[in-house]
Amino acid sequence: MKEEAVQAVVRGLKAANVEVITTVPESRFKELYPVLHDDPGFRYIMATNEGEAISIAAGARLGGKKSVVIMENCGIREGAEELARLGLTHSIPVVMIMPYVGDIGERNWWGINHGLTMEPMLHALRIPYIIVRRIDE
């Protein structure tokens with residue numbers, strides 16, 4: 001992740017008044033995590049799995065804090081139960097930022113299924129989304 005993109009994400013999170021960030025670290029955003037961790041304006045929580053990260057972010061939201069989950073897009077499959085229960089059953093919004101592993105041009109064979117399943121899972125869970133491919137977006 002380019003430094004320019006890291007700073008754009010940090011600016012965006014601050015502009016949105018995000019206070020709590022939960023992560024399940026992965027390699028495509030590896031430059032972002034230490035910046036978020038070291039910023040005193042954020043409560044940075046590294047979760048052990050995607051379901052936990054989603055649940056922590058939802059709990060922060062219920063506590064009146066703006067929160068975001070940052071994880072790889074395969075986390076949609078891993079956290080589907082939490083997303084369905086919290087979002088569909090209880091209408092608790094969870095904002096997520098994910099790299100698009102498996103997008104056109106993916107060079108890792110194991111990443112293809114992430115791209116094939118991400119958007120159908122988002123649709124099934126009725127999660128609106130935006131795909132950002134350029135820093136200026």
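The following exercises, with worked solutions, concern a predicted model of one protein chain.

**Exercise 1. Overall architecture**

Determine which secondary-structure elements the protein chain contains and in what order they occur.

*Solution.* Begin with the inventory: the protein chain has six helices and four strands. Next, follow the sequence, along which these elements are arranged as α-β-α-β-α-β-α-α-β-α. Then turn to the spatial extent: along the principal axes, the C-alpha atoms fill a box of roughly 40 × 40 × 25 Å. For 137 residues, a compact globule would have a radius of gyration near 14 Å, and the chain agrees because its own value is 14 Å. Finally, examine the contacts between residues at least 6 apart in sequence: 69% of them join residues at least 24 apart.

**Exercise 2. Surface and interior**

State what percentage of the residues is buried and what area the chain exposes.

*Solution.* Of the 137 residues, 42% count as buried. The exposed area is about 8,100 Å², of which carbon and sulfur atoms supply 55%.

**Exercise 3. The nonpolar cores**

Describe the largest nonpolar core and identify which elements give two or more residues to it.

*Solution.* The largest nonpolar core comprises 19 residues, and those with the most contacts inside it are I54, V69, M71, I76, L83, V94 and M96. Two or more residues come from each of α3, α5 and α6, with α3 giving the most, namely four. A second, separate core has 14 residues, among them V10, L13, Y33 and F42. As background, nonpolar side chains tend to be buried together in soluble globular proteins. To inspect the largest core, consider M96: beyond its neighbours within four places in sequence, M96 contacts V68, V69, M71, I76, L83 and I127.

**Exercise 4. The buried face of α5**

Explain why the buried residues of helix α5 line one face of the helix.

*Solution.* First, list the buried residues of α5 (residues 80–89): A80, L83 and L86. Viewed down the helix axis, these residues fall within an arc of 150°, and therefore they line one face. Their packing partners are α3 (50–62), α4 (75–78), β4 (96–97) and α6 (112–124). After the helix comes S91, which has a positive phi near 55°.

**Exercise 5. The setting of M98**

Locate M98 and establish which residues it contacts beyond its neighbours within four places in sequence.

*Solution.* M98 is in the loop between β4 and α6. Its relative accessible area is 21%; buried requires under 20%, so M98 is classed as partly exposed. Apart from neighbours within four places in sequence, M98 contacts F29, M71, E72, N73 and I76. The C-alpha atoms of M98 and E31 are 14 Å apart, although 67 residues separate the two in sequence.

How values were computed. Residues are numbered from 1 along each chain as its sequence is written. This is a predicted model: local features need pLDDT of at least 70, side-chain atom pairs count only at pLDDT 80 or more; totals for chains, interfaces and linings use all residues. Side-chain values use heavy atoms; hydrogens and water are left out. Buried means under 20% relative accessible area, exposed over 50%, partly exposed in between (1.4 Å probe, protein chains only). The arc is that of the directions from the helix axis to the C-beta atoms. Contact means heavy atoms within 4.5 Å. A nonpolar core is a set of buried Ala, Val, Leu, Ile, Met, Phe, Trp, Tyr and Cys residues joined through side-chain atoms within 4.5 Å. The radius of gyration is taken over C-alpha atoms; the globule rule is 2.2 Å times the number of residues to the power 0.38. Accessible areas come from the Shrake-Rupley method with a 1.4 Å probe; for residues, only the protein chains shown count as cover.
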